[in-house]
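Work through the two exercises below with the coordinates open, and try each task before reading its solution.

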Amino acid sequence: MTQQVPTRPLPLTGVRVLDISQVMAGPYACMLLADMGADVIKIEPPGSGDQTRGAMGFKMKGPDSLGFLNMNRNKRSVALNLKSEAGRALLLRMAKDADILLENYRPGAMKRLGLGYDVLKEVNPRLVYTSISGFGQTGPWSDRPGFDLMAQAMSGVMSVTGYPGGPPVKAGVPVADIGCALFAVYATLSAYIGARSSGQGQHVDASLFDSALAFSVWDICDYWGTGKAPEPLGTSNKMTAPYQAMACSDGYFVMGANNQKLWLQLCKLMGREELLVDERFSTISLRLANRHALEVELEKSFRLQPKDYWVSTFLEAGIPAGPILTYPEAFDSEHAKAREMRMEIDHPVEGKVPNIGFAVKMSGTPQQVTRHPPRLGEHTAEVLTEMGISAEEQVALSEQGAFAA
């Protein structure tokens, strides 16, 4: 990846973030803040660290998984035992100068450690304290453990994923985890902006369940308007048709003639003008009501040519269409390369490490990779020294169990 040189400091330069999170939603959110210039200090349990370090079913050269290396760039790692009195006291000292603390322990766990928001706000009134959990800090399900799968299942996402009559299917990507990370970042930065003027931080409560529910706009509005629970539609769309994957002579492709103008154009382009006078398909509402029959009719024509033919033909005519790519094909596409969606990071153990590129591009302050994903505890001494803690005191803290597994 060719990194642009920023013309001015990154937007979050000077913002100090304490990342007390593991696995995905929390680390991903904090990485987004780090990519924008925040100084993110990842607080990890000594010995094992973030449990994602040991995840995935294959090994790298070192102990850290490629998943960890893709969610923790631009951070510094401090190994700190929060179960020890010395470790907790040290975190409180770190919080005095922090702007944001993000944690994803089970609700109540940080409070039991004496590190809840009620304590931290007394230490630093302007601190934005963000908690990420499966089901939120309040409510009858709040004490349940929760991962992306549970959030997808219990929010309704799985009920509309897959094909009618089929077994339960989850979304192929962790929509609750990533969605929660994005919602948490937007709320955290909003609270941080507010704290800059008011001097008062606040507690941000983000959950995978709420975030997954927030994606239900079309589906829940359909239910609220009709009283009928939404069902899975495969690749189809509840708002318009045809707008889905279609079978052709060598597989499938996607297309969308999702308004009346495009529908007229599609039928003429295919030489299927008889469909224009078919009463089953004359309006969007009727095409939705007769979606299966419409699919059968269109695929009679689509099966005569390969997907590349249909995609290029439709695109030339201004009808949206595209191939169905695997992830390797998508990342290897000329467009993904032009958008720099794969980059490589130098790592002291792994050498060149592939990372997903920045999902948004900024002209004046392009995101930068300034730090490799940290090794466990790599920056403990560095961060403590910056805090004015002498080498002698660091030794004493170590003897008191602050950094012990």
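Two residues are in contact here when heavy atoms of theirs lie within 4.5 Å. The model is a predicted one.

**Exercise 1.** Determine which residues of α6 meet which residues of α7, and how the two helices are oriented.

*Solution.* Begin with the contact itself, in which Asp148, Ala151 and Gln152 of α6 meet Val175, Ala176 and Asp177 of α7. Sorted by class, this contact has 3 nonpolar, 1 polar and 2 charged residues. Next, take the axes: α6 (residues 148-155) and α7 (residues 175-198) pack at an angle of about 95°, and their axes are 7 Å apart. Angles of 65 to 115 degrees count as roughly perpendicular, and α6 and α7 are therefore roughly perpendicular to each other.

**Exercise 2.** Establish how the buried residues of α10 are arranged around its axis, and what they pack against.

*Solution.* First list the buried residues of α10 (residues 260-270), which are Leu262, Trp263, Leu266, Cys267 and Met270. Viewed down the axis of α10, these buried residues fall within an arc of 135°, so they line one face of the helix. The general reason is that an α-helix has 3.6 residues a turn, so residues three or four places apart point the same way. The face turned away from the buried side of α10 carries Lys261 and Lys268, which are exposed. Then follow the buried residues outward, where they pack against β8 (251-256), α11 (284-289), α12 (291-302) and α13 (307-317). Finally, inspect the ends: asparagine 259 caps the N-terminal end of α10, with a side-chain oxygen 3.2 Å from the backbone nitrogen of lysine 261, while glycine 271, just after α10, takes a positive phi of about 70°.

Key: Residues numbered from 1 in each chain as written. Predicted model: local features only at pLDDT ≥ 70, side-chain atom pairs only at ≥ 80, totals over all residues. Heavy atoms only, no water. Buried < 20%, exposed > 50% of the residue type's maximum accessible area, 1.4 Å probe, protein only. Helix = DSSP H or I, 4+ residues; strand = E, 2+ residues; numbered from the N terminus. Arc of directions from axis to C-beta. Polar contact = N/O pair within 3.5 Å; in protein donor to acceptor, adjacent residues only side chain to side chain. Axes fitted to C-alpha atoms, helices over the stretch in contact; angles between N-to-C directions. Parallel < 35°, antiparallel > 145°, perpendicular 65-115°, else oblique. Nonpolar A, V, L, I, M, F, W, Y, C, P; charged D, E, K, R; others polar.
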